[in-house]
Amino acid sequence: MNIINRFHNWRRKQRWNKQYKNGRWENLKKPIEAERYRTIIKFIKAFGTKTPTILDLGCGEGVLNNYLESQLFKSFLGVDFSKVSIDKAQSKHYPKTNFIVADLHTFIPPNKVDVIILNEAFYYVQESEKRKVLDRILAKLNNNGILIVSIFREGHGCWEYFENLEKIDFTIVKTDEEMRYWKIGVFKKP
Ligand SMILES: C[S@@+](CC[C@H](N)C(=O)[O-])C[C@H]1O[C@@H](n2cnc3c(N)ncnc32)[C@H](O)[C@@H]1O
(Lines give C-alpha, C1' and ligand atoms only; values in the text may rest on other atoms or scores of the structure.)
Protein backbone atom coordinates (compact mmCIF):
# COMPACT_ATOMS: atom_id res chain seq x y z
CA MET A 1 0.00 0.00 0.00
CA ASN A 2 1.42 3.40 -0.87
CA ILE A 3 1.65 6.18 1.70
CA ILE A 4 -1.52 7.96 0.53
CA ASN A 5 -3.57 4.76 0.76
CA ARG A 6 -2.04 4.04 4.14
CA PHE A 7 -3.20 7.46 5.30
CA HIS A 8 -6.75 6.87 3.95
CA ASN A 9 -6.80 3.50 5.67
CA TRP A 10 -5.72 5.06 8.96
CA ARG A 11 -8.48 7.68 8.62
CA ARG A 12 -11.04 4.95 7.91
CA LYS A 13 -9.94 3.14 11.04
CA GLN A 14 -10.45 6.31 13.10
CA ARG A 15 -13.92 6.67 11.57
CA TRP A 16 -14.87 3.08 12.43
CA ASN A 17 -13.67 3.57 16.00
CA LYS A 18 -15.72 6.76 16.33
CA GLN A 19 -18.80 5.09 14.84
CA TYR A 20 -18.53 2.09 17.17
CA LYS A 21 -18.08 4.46 20.10
CA ASN A 22 -21.23 6.44 19.30
CA GLY A 23 -23.35 3.38 18.57
CA ARG A 24 -23.65 3.82 14.81
CA TRP A 25 -23.41 0.01 14.30
CA GLU A 26 -25.97 -1.02 16.92
CA ASN A 27 -28.32 -1.63 14.00
CA LEU A 28 -26.40 -4.83 13.19
CA LYS A 29 -28.07 -6.34 16.26
CA LYS A 30 -31.58 -5.65 14.96
CA PRO A 31 -33.84 -8.53 13.89
CA ILE A 32 -33.76 -7.36 10.27
CA GLU A 33 -30.08 -8.40 10.13
CA ALA A 34 -30.62 -11.78 11.81
CA GLU A 35 -31.17 -13.88 8.71
CA ARG A 36 -27.74 -12.89 7.35
CA TYR A 37 -26.01 -14.23 10.46
CA ARG A 38 -28.23 -17.31 10.56
CA THR A 39 -27.44 -18.09 6.93
CA ILE A 40 -23.72 -17.96 7.63
CA ILE A 41 -24.19 -20.40 10.50
CA LYS A 42 -26.37 -22.64 8.35
CA PHE A 43 -23.52 -22.77 5.82
CA ILE A 44 -20.97 -23.61 8.52
CA LYS A 45 -23.19 -26.49 9.64
CA ALA A 46 -23.84 -27.70 6.10
CA PHE A 47 -20.37 -27.43 4.57
CA GLY A 48 -17.86 -26.99 7.39
CA THR A 49 -15.94 -29.88 8.89
CA LYS A 50 -17.19 -31.22 12.22
CA THR A 51 -16.41 -28.73 15.06
CA PRO A 52 -14.27 -26.51 12.84
CA THR A 53 -11.77 -23.84 13.74
CA ILE A 54 -13.23 -20.51 12.60
CA LEU A 55 -11.63 -17.22 11.58
CA ASP A 56 -13.94 -14.19 11.22
CA LEU A 57 -12.24 -11.30 9.41
CA GLY A 58 -13.75 -7.86 10.02
CA CYS A 59 -15.76 -9.34 12.89
CA GLY A 60 -16.82 -5.99 14.41
CA GLU A 61 -18.42 -6.39 17.83
CA GLY A 62 -18.86 -10.12 17.34
CA VAL A 63 -22.57 -10.00 16.55
CA LEU A 64 -22.24 -13.31 14.69
CA ASN A 65 -21.22 -14.91 18.00
CA ASN A 66 -24.63 -14.04 19.46
CA TYR A 67 -26.07 -16.58 17.04
CA LEU A 68 -23.34 -19.20 17.24
CA GLU A 69 -23.63 -22.07 19.71
CA SER A 70 -20.22 -22.86 21.18
CA GLN A 71 -20.60 -26.64 20.72
CA LEU A 72 -20.60 -26.03 16.96
CA PHE A 73 -16.91 -25.08 16.78
CA LYS A 74 -13.52 -25.92 18.26
CA SER A 75 -12.14 -22.38 18.35
CA PHE A 76 -13.12 -18.96 17.04
CA LEU A 77 -10.82 -16.05 16.23
CA GLY A 78 -12.37 -12.68 15.37
CA VAL A 79 -10.21 -9.98 13.80
CA ASP A 80 -10.98 -6.30 13.29
CA PHE A 81 -8.91 -3.14 12.95
CA SER A 82 -11.27 -1.20 15.21
CA LYS A 83 -10.06 -1.49 18.79
CA VAL A 84 -13.38 -0.14 20.02
CA SER A 85 -15.30 -2.96 18.34
CA ILE A 86 -12.82 -5.58 19.58
CA ASP A 87 -13.08 -4.27 23.15
CA LYS A 88 -16.87 -4.60 22.92
CA ALA A 89 -16.57 -8.12 21.50
CA GLN A 90 -14.10 -9.21 24.20
CA SER A 91 -16.35 -7.89 26.96
CA LYS A 92 -18.94 -10.57 26.08
CA HIS A 93 -16.58 -13.44 27.01
CA TYR A 94 -17.87 -15.87 24.41
CA PRO A 95 -16.56 -19.39 25.10
CA LYS A 96 -13.66 -20.82 23.07
CA THR A 97 -13.35 -17.41 21.39
CA ASN A 98 -10.61 -14.81 20.99
CA PHE A 99 -10.74 -11.39 19.40
CA ILE A 100 -7.72 -9.42 18.21
CA VAL A 101 -7.08 -6.01 16.70
CA ALA A 102 -5.45 -6.31 13.28
CA ASP A 103 -5.73 -4.78 9.84
CA LEU A 104 -6.81 -7.09 7.02
CA HIS A 105 -4.31 -5.40 4.74
CA THR A 106 -1.40 -6.85 6.71
CA PHE A 107 -2.86 -9.56 8.92
CA ILE A 108 -1.40 -13.05 8.59
CA PRO A 109 -3.58 -15.64 10.32
CA PRO A 110 -1.48 -17.45 12.94
CA ASN A 111 -2.78 -20.94 12.10
CA LYS A 112 -4.58 -22.75 9.34
CA VAL A 113 -8.34 -22.92 9.92
CA ASP A 114 -11.39 -24.82 8.65
CA VAL A 115 -13.75 -21.87 8.12
CA ILE A 116 -12.93 -18.33 7.10
CA ILE A 117 -15.67 -15.70 7.18
CA LEU A 118 -15.70 -12.36 5.38
CA ASN A 119 -19.00 -11.00 6.63
CA GLU A 120 -19.56 -7.50 5.23
CA ALA A 121 -15.86 -6.79 5.29
CA PHE A 122 -14.20 -7.56 1.95
CA TYR A 123 -15.43 -4.40 0.20
CA TYR A 124 -13.53 -2.31 2.74
CA VAL A 125 -10.22 -3.75 1.58
CA GLN A 126 -8.50 -1.31 -0.73
CA GLU A 127 -8.89 -2.13 -4.40
CA SER A 128 -5.15 -2.47 -5.04
CA GLU A 129 -4.82 -4.89 -2.09
CA LYS A 130 -7.86 -7.15 -2.54
CA ARG A 131 -6.09 -9.90 -4.47
CA LYS A 132 -3.10 -9.98 -2.12
CA VAL A 133 -5.30 -10.01 0.98
CA LEU A 134 -7.46 -12.81 -0.38
CA ASP A 135 -4.44 -14.91 -1.40
CA ARG A 136 -2.89 -14.46 2.04
CA ILE A 137 -6.11 -15.54 3.70
CA LEU A 138 -6.66 -18.52 1.43
CA ALA A 139 -3.15 -19.77 2.19
CA LYS A 140 -4.39 -20.24 5.76
CA LEU A 141 -7.53 -22.18 4.80
CA ASN A 142 -7.24 -25.95 5.23
CA ASN A 143 -7.64 -27.85 1.98
CA ASN A 144 -11.10 -29.14 2.90
CA GLY A 145 -12.01 -25.79 4.50
CA ILE A 146 -14.62 -23.27 3.39
CA LEU A 147 -14.65 -19.54 2.80
CA ILE A 148 -17.98 -17.80 3.47
CA VAL A 149 -18.46 -14.35 1.97
CA SER A 150 -21.38 -12.01 2.65
CA ILE A 151 -21.71 -8.82 0.63
CA PHE A 152 -24.42 -6.15 0.87
CA ARG A 153 -26.51 -5.75 -2.30
CA GLU A 154 -24.65 -6.36 -5.58
CA GLY A 155 -21.05 -6.17 -4.35
CA HIS A 156 -19.75 -4.65 -7.57
CA GLY A 157 -16.00 -5.07 -7.84
CA CYS A 158 -15.92 -7.82 -5.23
CA TRP A 159 -17.41 -11.08 -6.42
CA GLU A 160 -14.98 -11.41 -9.34
CA TYR A 161 -12.19 -12.07 -6.83
CA PHE A 162 -13.87 -15.34 -5.85
CA GLU A 163 -14.45 -16.60 -9.40
CA ASN A 164 -11.44 -18.93 -9.47
CA LEU A 165 -12.63 -20.75 -6.36
CA GLU A 166 -15.03 -23.69 -6.30
CA LYS A 167 -18.50 -22.33 -5.54
CA ILE A 168 -20.30 -24.64 -3.11
CA ASP A 169 -23.44 -22.62 -2.51
CA PHE A 170 -24.80 -19.16 -3.09
CA THR A 171 -27.92 -17.42 -1.83
CA ILE A 172 -29.58 -14.04 -1.56
CA VAL A 173 -30.90 -13.10 1.87
CA LYS A 174 -33.80 -10.71 1.38
CA THR A 175 -35.65 -8.55 3.90
CA ASP A 176 -38.89 -6.54 3.95
CA GLU A 177 -36.85 -3.59 2.69
CA GLU A 178 -36.28 -3.84 -1.03
CA MET A 179 -32.81 -2.31 -0.86
CA ARG A 180 -31.61 -4.31 2.13
CA TYR A 181 -30.36 -7.66 0.91
CA TRP A 182 -27.12 -9.63 1.01
CA LYS A 183 -25.50 -12.12 -1.30
CA ILE A 184 -23.74 -14.91 0.54
CA GLY A 185 -21.43 -17.41 -1.11
CA VAL A 186 -19.57 -20.47 0.13
CA PHE A 187 -16.32 -21.42 -1.58
CA LYS A 188 -13.58 -24.02 -1.45
CA LYS A 189 -10.06 -23.89 -2.78
CA PRO A 190 -9.94 -25.54 -6.22
C1 LIG B 1 -20.16 -3.58 8.37
S2 LIG B 1 -19.05 -4.04 9.66
C3 LIG B 1 -19.40 -5.76 9.76
C4 LIG B 1 -19.04 -6.33 11.11
C5 LIG B 1 -19.33 -7.82 11.29
N6 LIG B 1 -18.68 -8.64 10.29
C7 LIG B 1 -20.81 -8.09 11.27
O8 LIG B 1 -21.36 -8.38 10.20
O9 LIG B 1 -21.43 -7.99 12.34
C10 LIG B 1 -17.46 -4.03 8.82
C11 LIG B 1 -16.29 -4.27 9.76
O12 LIG B 1 -15.09 -4.34 8.99
C13 LIG B 1 -14.06 -3.74 9.75
N14 LIG B 1 -12.99 -3.35 8.85
C15 LIG B 1 -13.03 -2.47 7.83
N16 LIG B 1 -11.82 -2.39 7.24
C17 LIG B 1 -11.00 -3.23 7.92
C18 LIG B 1 -9.63 -3.57 7.80
N19 LIG B 1 -8.84 -3.00 6.88
N20 LIG B 1 -9.11 -4.48 8.64
C21 LIG B 1 -9.88 -5.05 9.60
N22 LIG B 1 -11.18 -4.76 9.77
C23 LIG B 1 -11.74 -3.85 8.93
C24 LIG B 1 -14.73 -2.54 10.44
O25 LIG B 1 -14.02 -2.08 11.55
C26 LIG B 1 -16.08 -3.17 10.78
O27 LIG B 1 -16.07 -3.73 12.06
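Reader: In this predicted model, which kind of ligand atom does a backbone N or O atom of phenylalanine 81 lie 3.2 Å from?

Author: The model is predicted, and in it the contact made by phenylalanine 81 comes from a backbone N or O atom. A pair of N or O atoms counts as a polar contact within 3.5 Å, and here the distance is 3.2 Å, with the partner in the ligand being a nitrogen atom.

Reader: Which residue places a polar side-chain atom 2.9 Å from an oxygen atom of the ligand?

Author: Aspartate 103 has a polar side-chain atom 2.9 Å from a ligand atom, but that atom is a nitrogen. For an oxygen atom of the ligand, the polar side-chain atom at 2.9 Å belongs to arginine 36.

Reader: How much of the ligand does the protein bury?

Author: The ligand is surrounded by 20 residues, and the closest are Tyr20, Tyr37, Gly58, Asp80 and Asn119. Taken alone, the ligand exposes 590 Å², and of that area the protein buries 98%.

Reader: Which strands are the edge strands of the open sheet?

Author: The sheet is open and has seven strands with mixed pairing, in the order β3-β2-β1-β4-β5-β7-β6. An edge strand pairs on one side only, and this holds for β3 (97–101) and β6 (166–174). Neighbouring strands of this sheet are turned by 15° against each other on average, direction ignored, and the edge strands asked for are β3 and β6.

Reader: What is the bridge partner in β7 of phenylalanine 170?

Author: Strands β6 and β7 run antiparallel and are joined by eight bridges, while a hairpin of six residues leads from β6 to β7. Within β7, the residue bridged to phenylalanine 170 is glycine 185.

Reader: How many bridges join β5 to β7?

Author: Strand β5 covers residues 141–152 and strand β7 covers residues 181–188, and the two run antiparallel. One of the bridge partners in β7 is isoleucine 184, which is matched with serine 150. The number of bridges joining β5 to β7 is six.

Reader: Which strands does helix α4 touch?

Author: Helix α4, residues 130–138, packs on the sheet, and its direction makes about 140° with that of β5. The strands that helix α4 touches are β1 (53–57), β4 (113–119) and β5.

Reader: Which residues does the UniProt annotation "domain: Methyltransferase" cover?

Author: The annotation comes from an unreviewed UniProt entry. Over the stretch concerned, the chain is 18% helix and 29% strand, and the end C-alpha atoms are 10 Å apart. According to that entry, the annotation covers residues 54–145.

Conventions. Residues numbered from 1 in each chain as written. Predicted model: local features only at pLDDT ≥ 70, side-chain atom pairs only at ≥ 80, totals over all residues. Heavy atoms only, no water. Pairing = 2+ DSSP bridges. Helix = DSSP H or I, 4+ residues; strand = E, 2+ residues; numbered from the N terminus. Axes fitted to C-alpha atoms, helices over the stretch in contact; angles between N-to-C directions. Contact = heavy atoms within 4.5 Å. Near = heavy atom within 4 Å. Polar contact = N/O pair within 3.5 Å; in protein donor to acceptor, adjacent residues only side chain to side chain. Areas by Shrake-Rupley, 256 points an atom, 1.4 Å probe, with all protein chains shown as cover. UniProt positions renumbered as here; feature names shortened; annotations may be inferred.
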